[in-house]
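Thanks for coming. I have one structure to go through today, and I will put it on the screen now.

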Amino acid sequence: MDWFATGEYDLAREILQRGIAAMFLIAFVSAHNQFPALLGDTGLLPVRQFTAVVPFRRSPSLFHWRYSDRMLRAVAWSGMALAATVVLGLPQLGPAWLPMLVFLLLFAGYLSIVNVGQTFYSFGWESLLVEAGFIVAFLGSSAVATPLPMLLFLRWLVFRLEFGAGLIKLRGGREWRDLTALFYHHETQPMPNPVSWFVHHLPRWFHRGEVLANHAVQLGLPFLLFAPQPVASIAAGLIVLSQLWLVVTGNFAWLNWITIVLAFAAVDDASFRWLGGLMLPGLPAAAPGGSTAPGEQPLWFVVVVLAVVILLLVLSYWPARNLFRRRQLMNASFNPFHLVNAYGAFGTVTQERFEVIVEGSASADPQDATAWRAYGFRGKPGDPARLPGQFAPYHLRLDWLMWFLALGSRDTAWFEAFLARLLQADPATLRLLAHDPFAGQPPRFVRARMFRYRFSTPAERRAEHVWWVRTEVGTLVPAVTLPPE
């Protein structure tokens, strides 16, 4: 059974299972905290309205059967509890079917949330987590050796993730081809973090080097994930380093963290031991042939894993074809279960940053300029004097959609409902924000103004103590109020 199982990737399996479970834990916490206000019974895009027009076959979900905020929270708490057991390594101590069962429950629970999450769950890392959770389910437990076919398929997932993103950039904006994309990206990315301001002000030769390194990592290294060891481990290590740079310089929810975890599918135990010996001299070298002999695998486990591999290979046709299309799809699912998807991000980079500032007024006269007060969001830029925060791997869904709104997104139904909830001083909606200038009381009017934002220069930072400089460019929504009834 050496063709099927290996004892050379035991540490990789531990990292993959615990790491993906940690991402599920964060995702379910996010759903518990934000889903009811965004999509619940009184949310901005209620699930009941969605399931009334979209059939189960197009978006399989438990919530087609019934939805309530209480049921959503029950699913979220169950997901958190199950994910925590894997992070602690408990199911891995049992038979091979136990972690399989736990991950399939996590997969089904989170798929149910994603498939009714509409625009708030339309991000590529949602499909990535669902797909990764399904594949990792078939890595088994310590009772069996690690199945090689699943490790290879996880490498194929990383290949699609990285190579697809690299091709999107080459086929996208000219800024990726003339190496100027990162002149702007650190400033205009959806949600800068505390380091973004400093990186933005590095020399332009450095930013050109960032783009070159990005092209090398995304277009070259993915092929080496399938090379013999130690080449595959080195390629995976370089992908991890590139993802850590993205973690340091921005907020991209769990996209970078899950990519780091998945890259370990190409790192064998000997490489871990070598790295450990490098960091801790005197650590014993890896034993030849790995730490666990493959041994005899249960027949049912072999049959199940091979059946899943065949299914995934069949589903791979559509994303593989997509890689070679001139109009390559980005972050696309080809089936309602979000298995074997197409990935990619930032095919173009915006050169200017626009922000929507939402304000309210308690005055009876909307023309009273002194009465308008701004609502504060948790992550997106607002107050120019506020240092951008670090939120990833947690996903601030409302803040991300505000970035797309400022870019001119036509998907505005949720924003219209958001303004109505502010006029009602809806407690659940206000909890999504960092600052309510009316302390829970409803304003008489709300409006939305558009501003152009840029990072302050070092001189402006020293003189004015601001991280951003902004200029008003227009009104997105004039002063509105609720009808008398």
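I will take the sheet, then two helices, then a pair of side chains, and end with some backbone details.

One caution before that: this is a predicted model.

Start with the sheet. It is open and has 4 strands, in the order β4-β3-β5-β6, and the pairing is antiparallel. At the edges are β4, residues 372-374, and β6, residues 468-480, and each of these pairs on one side only. From one strand to the next, the twist averages 35°. As a reminder, strands of a sheet pair through backbone hydrogen bonds, and the arrangement can be parallel or antiparallel.

Now look at β5. How many bridges join β5 to β3? Between β3, residues 353-361, and β5, residues 445-455, there are 9 bridges, and the two strands run antiparallel. To find the register on screen, take G360, whose bridge partner in β5 is V446. Another pair to look for is V356, with M450 as its bridge partner in β5. β5 also pairs with β6, again in the antiparallel sense, over 9 bridges. On that side, A448 stands opposite V477 of β6.

Is β5 enclosed or open to the outside? Buried here means under 20% relative accessible area. By that cut-off 9 of the 11 residues of β5 are buried, so the strand is largely enclosed by the rest of the structure. One element lying over the sheet is helix α17, residues 397-406, which crosses β3, β5 and β6. The helix α17 runs at about 110° to β3.

Next, helix α15, residues 299-315. It has 17 residues, and from its first C-alpha to its last it reaches 25 Å, close to the 24 Å expected at 1.5 Å a residue. The buried residues in α15 are F301, V302, V305, V308, V309, L312 and L315. Where do these buried residues sit around the axis of α15? Viewed down the axis, they fall within an arc of 155°, so they line one face of the helix. L299 and I310, on the other side of α15, are exposed. The cover over the buried residues of α15 includes α4 (97-114), α5 (124-136), β2 (146-147), α6 and α16 (317-323).

The second helix is α10, residues 204-219. Its 16 residues should span 22 Å at 1.5 Å a residue, and the end C-alpha atoms are 23 Å apart, so the two values agree. Buried in α10 are H207, E210, V211, H215, V217 and Q218. What do these residues pack against? They meet α6 (148-171), α7 (174-177), α8 (185-188), α9 (196-200), α11 (221-224) and α12 (231-249).

That brings us to a pair of side chains. Q218 belongs to α10, and K169 to α6. Is K169 buried or exposed? K169 counts as buried because its relative accessibility is 6%, under the 20% cut-off. Q218 has 8% relative accessibility and so is buried by that measure too. The side chains of Q218 and K169 are joined by a polar contact of 3.4 Å.

Leaving aside neighbours within four places in sequence, Q218 is in contact with E162, F163, A165, G166 and K169. Counted in that way, K169 is in contact with W176, R177, N214, Q218, A345, F346 and G347. For scale, the C-alpha atoms of K169 and F334 are separated by 21 Å, and the two residues are 165 residues apart along the chain.

Finally, the backbone details. Which residues are joined by cis peptide bonds? One such bond joins Q229 and P230, with omega about 5°, and P230 is in the loop between α11 and α12. Another joins A392 and P393, with omega about 10°. P393 lies in the loop between β4 and α17.

There are also positive phi values outside glycine. A253 is not a glycine, yet its phi is positive, at about 50°. A253 sits in the loop between α12 and α13, the latter being residues 255-263, and is buried because its relative accessibility is 3%. H338 also has a positive phi, near 55°. Its loop is the one between α16 and β3, and with a relative accessible area of 12%, H338 is buried.

That is what I had; questions are welcome.

Technical notes
Residues numbered from 1 in each chain as written. Predicted model: local features only at pLDDT ≥ 70, side-chain atom pairs only at ≥ 80, totals over all residues. Heavy atoms only, no water. Expected span 1.5 Å × (residues − 1). Buried < 20%, exposed > 50% of the residue type's maximum accessible area, 1.4 Å probe, protein only. Contact = heavy atoms within 4.5 Å. Pairing = 2+ DSSP bridges. Axes fitted to C-alpha atoms, helices over the stretch in contact; angles between N-to-C directions. Polar contact = N/O pair within 3.5 Å; in protein donor to acceptor, adjacent residues only side chain to side chain. Arc of directions from axis to C-beta.
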